[in-house]
Amino acid sequence: MPLALVHARYQLLEILRIPVAVVGSAFFPAAAMLFFVVPFAGDDSAGATYATAAMVTFAVMSANIFQYGVGVAEDRDQPWNPYTRTLPAGSAPRLAGRILAGLVLTYLSMVPVVVIAAVATAARVTAPQFLLGLGAVAVISVPFTLLGLSIGYSLPSKAAIVVAQVVFFPLAFGGGLLSGPDDAPGFIKAIAPYLPTRGAVELMWAAVTDWQPDPLALVMLVVWVVALAAVAGWAYRRDEGRRFS
């Protein structure tokens with residue numbers, strides 16, 4: 001664990017030296033709050049609370065898909081990365097450190113959304129709901145972390161940037177993050193339960209409201225986690241084999 005913390009500190013320092021990396025993760029969710037939630041649902045306590053939870057999920061997606069998808073791919077191109085793989089500590093502390101750093105970045109990226117919701121909307125949650133929401137953020141970051149790792153270890157950096165951008169908005173839109181729980185178009189309602197974004201946002205809604213999650217969406221979220229874990233593990237082993245063959 002101490003070695004994982006060392007790697008996490010290194011990752012965070014590297015990210016914070018380029019503040020735009022943190023700003024970029026928080027920009028789209030915060031912009032969506034300002035342009036879509038505040039004007040249209042800001043005065044509706046229930047609607048603003050649901051929308052804020054969806055934008056927090058949006059922030060979790062953004063932070064993890066781009067941090068791991070693009071960040072890992074870029075690290076693989078650097079000479080430092082092959083060197084760290086030869087160290088006696090092994091790959092586990094390095095990977096754990098990256099995940100810890102990514103979780104910190106995830107929480108930082110949702111701060112503007114929460115602040116905007118508290119200041120400019122009628123969204124309100126109780127203290128227990130707020131704590132449950134913080135816990136839910138860690139849980140729903142898992143599938144998007146695995147998705148980012150799958151992209152980052154499978155593709156070179158230029159391709160990873162494109163793929164991360166291509167999958168990001170369809171997952172957000174298809175999962176119903178850009179509409180209310182019951183306001184999505186018919187085709188979105190049909191496909192949403194099968195996407196990881198829907199299961200993730202339903203967990204967030206359940207944490208901060210009295211929403212009852214769709215069992216199908218939760219089952220599919222678990223299926224996505226298992227599948228993405230298998231893909232990420234395969235991509236990592238393939239990358240390891242290429243570098244040491």
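**Note on an all-helix predicted model**

1. Leaving out residues up to four places away in sequence, T106 touches V60, A63, N64 and V137. The model is a predicted one, so every statement in this note describes a computed structure. T106 itself lies in helix 5, and with a relative accessibility of 0% it counts as buried, because the cut-off for that word is under 20%. Its side chain makes a polar contact with the side chain of N64, at a distance of 3.1 Å, and N64 is also one of the residues that T106 touches.

2. It helps to place this residue in the chain as a whole, which has 10 helices and zero strands. Read from the N terminus on, the elements run α-α-α-α-α-α-α-α-α-α. Of the 245 residues in the chain, 46% are buried. If one takes the contacts between residues at least 6 apart in sequence, 79% of them join residues at least 24 apart. The chain exposes about 11900 Å², and carbon and sulfur atoms supply 74% of that area.

3. The largest nonpolar core has 52 residues, and those with the most contacts inside it are M33, M55, V56, M61, I65, M204 and W205. Two or more residues of this core come from each of helix 2, helix 3, helix 5 (92–120), helix 6 (127–154), helix 7, helix 9 and helix 10 (215–244). Helix 3 gives the most, with 16 residues. As an example from the core, M55 is in contact with P29, A32, M33, V37, V113, L177 and L178, once its neighbours within four places in sequence are left aside. Among these partners is M33, which also appears in the list of core residues with the most contacts.

4. Which residues does T49 touch, not counting those up to four places away in sequence? They are A123, R124, V125, V208 and T209. T49 is found in helix 3 (residues 45–76), and since its relative accessibility is 7%, T49 counts as buried. A polar atom of the T49 side chain lies 3.4 Å from the backbone nitrogen of R124, so that for this pair the R124 partner atom belongs to the backbone, whereas T106 and N64 meet through their side chains.

5. The count of salt bridges comes to one. It is formed by R198 and E202, whose closest N and O atoms are 3.0 Å apart, and this pair qualifies because the limit for such a bridge is 4 Å. The two residues are four apart in helix 9 (residues 196–208), and therefore R198 and E202 are separated by about one helical turn. R198 counts as buried, with 8% relative accessibility, and E202 counts as buried as well, with 3%.

6. Turning to the surface, V23, F27, F28 and F169 form a nonpolar patch with about 410 Å² of accessible area together. Helix 2 (residues 20–41) gives the most to this patch, with three residues, while F169 has its place in helix 7 (residues 157–174). Why can F169 belong to a surface patch? Its relative accessible area is 42%, which makes F169 partly exposed, and because membership requires over 30%, F169 passes that cut-off. A careful reader may also note that helix 2 and helix 7 both give residues to the nonpolar core, in addition to their part in the patch.

Note on methods
Residues numbered from 1 in each chain as written. Predicted model: local features only at pLDDT ≥ 70, side-chain atom pairs only at ≥ 80, totals over all residues. Heavy atoms only, no water. Patch = residues over 30% accessible without salt bridge, like charges linked within 9 Å, V, L, I, M, F, W, Y side chains within 5 Å. Areas by Shrake-Rupley, 256 points an atom, 1.4 Å probe, with all protein chains shown as cover. Salt bridge = Lys/Arg side-chain N within 4 Å of Asp/Glu carboxyl O. Buried < 20%, exposed > 50% of the residue type's maximum accessible area, 1.4 Å probe, protein only. Polar contact = N/O pair within 3.5 Å; in protein donor to acceptor, adjacent residues only side chain to side chain. Contact = heavy atoms within 4.5 Å. Core = buried A, V, L, I, M, F, W, Y, C linked by side-chain atoms within 4.5 Å.
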